[in-house]
Amino acid sequence: MSAIRDDLAKAIKNKQLVEIYSKGTNEQFSVGFVVQQDEKFVLVKAINVDGELDGLVVFRKASLSKVVSGSDYLKSMATIIALAQQRGYYDVWNTERLVAKFQKKQGKHSLLKTLLKQAFKHDQVIQLSGRIKKHGDSYTGFIHSEHKKYVEFNYVNMFDLTQRPQIAVRYAEIDEASFHSIETFNTTAVIESFMPGDFH
């Protein structure tokens, strides 16, 4: 864990692009710029395969297996990012501005709770992943209500828009939370089209 913390600190200091691997996934990884970390979580500006900023992600550090910098893949991605910046599609969602706002809000709460509170306050769709009991691994939707140890979460099932599934998700079960991404904006468009009355 201390090696991961040190790798994250180095990535923050040097503004390095990194690969972030979750435990149990040797081939799948996320790419991004590490913004900050606290005791349990790390905040990352995610980059998609097209070199675009693709939202803010909070990872639980205990769920990570390694952080890699300087790989050939990352060198390739840096070139693709430069092209995206040159052609004007690197930050179409104004994610850089959101990062600055997020960091101002981050105070007494963990990075995870800060992200969840911001999403709840502004009716933003988020994606939650982790060890969510009796359910699947990943959900995209919005927070219906906040509680001391959990949130009531309304998620969207794209295969059945008549359903309004709601689950209680404990903070301790969340290993990854993201918002302001292409996927969350797509889901927001679906909610606004088919279930606008469901937002709190």
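## Strands 1 and 2

Let's start at one spot in the fold: strand 1 (residues 17-22) and strand 2 (residues 30-37) run antiparallel and are joined by four bridges. Take Ile 20 as an example, whose bridge partner in strand 2 is Ser 30. Keep in mind that this is a predicted model.

## The whole sheet

Zooming out, these strands belong to an open sheet of ten, with antiparallel pairing and the order 5-1-2-3-4-10-6-7-8-9. Which strands stand at the edges? They are strand 5 (64-69) and strand 9 (166-170); each has a single partner strand, so one side of each is left without a neighbour in the sheet. On average, and ignoring direction, neighbouring strands here are turned by 40° against each other.

## Helices across the sheet

Helix 1 (residues 2-14) lies across strands 1, 2, 3 (41-47) and 5, and runs at about 90° to strand 2.

Helix 5 (residues 182-194) lies across another set: strand 4 (53-60), strand 6 (126-130), strand 7 (138-146) and strand 10 (174-179). Its angle to strand 7 is about 65°.

## Aromatic rings

There are four aromatic pairs in the structure. One of them, Trp 93 with Phe 185, is stacked, with 4.1 Å centre to centre and 20° between the planes. Trp 93 sits in the loop between helix 2 (72-87) and helix 3 (95-105), while Phe 185 is in helix 5, so the pair ties together parts that are 92 residues apart in sequence. Buried or exposed: where does Trp 93 fall? It is partly exposed, at 32% relative accessible area. Phe 185 also counts as partly exposed, with 25% relative accessibility.

Elsewhere, ring pairs link Tyr 21, Phe 29 and Tyr 73 into a cluster. Tyr 21 has a charged visitor as well: the charged end of Lys 66 sits over its ring, 4.6 Å from the centre.

## Nonpolar cores

Nonpolar side chains tend to be buried together in soluble globular proteins. In this model, the largest nonpolar core has 27 residues, and the members touching the most others are Leu 115, Leu 116, Ile 126, Leu 128, Phe 153 and Val 169. Which helix gives the most to this core? That is helix 4 (residues 111-121), with six residues.

For a closer look, follow Leu 115: leaving out residues up to four places away in sequence, Leu 115 touches Leu 56, Val 58, Phe 102, Ile 126, Ala 177 and Phe 179. Another core lies apart from this one and has 13 residues, including Ile 4, Val 18, Leu 64 and Val 67.

Methods. Residues are numbered from 1 along each chain as its sequence is written. This is a predicted model: local features need pLDDT of at least 70, side-chain atom pairs count only at pLDDT 80 or more; totals for chains, interfaces and linings use all residues. Side-chain values use heavy atoms; hydrogens and water are left out. Two strands pair if DSSP finds at least two bridges between them. Helices (H or I, at least four residues) and strands (E, at least two) are DSSP runs, numbered from the N terminus. Axes are lines fitted to C-alpha atoms, for helices over the stretch in contact, and angles run from 0 to 180 degrees between N-to-C directions. Contact means heavy atoms within 4.5 Å. Rings of Phe, Tyr and Trp (its six-membered ring) pair if their centres lie within 6.5 Å; planes under 30 degrees apart count as stacked, over 60 as edge-to-face and the rest as tilted. Buried means under 20% relative accessible area, exposed over 50%, partly exposed in between (1.4 Å probe, protein chains only). A charge sits over a ring if NZ of Lys or CZ of Arg is within 6 Å of the ring centre and within 35 degrees of the ring normal. A nonpolar core is a set of buried Ala, Val, Leu, Ile, Met, Phe, Trp, Tyr and Cys residues joined through side-chain atoms within 4.5 Å.
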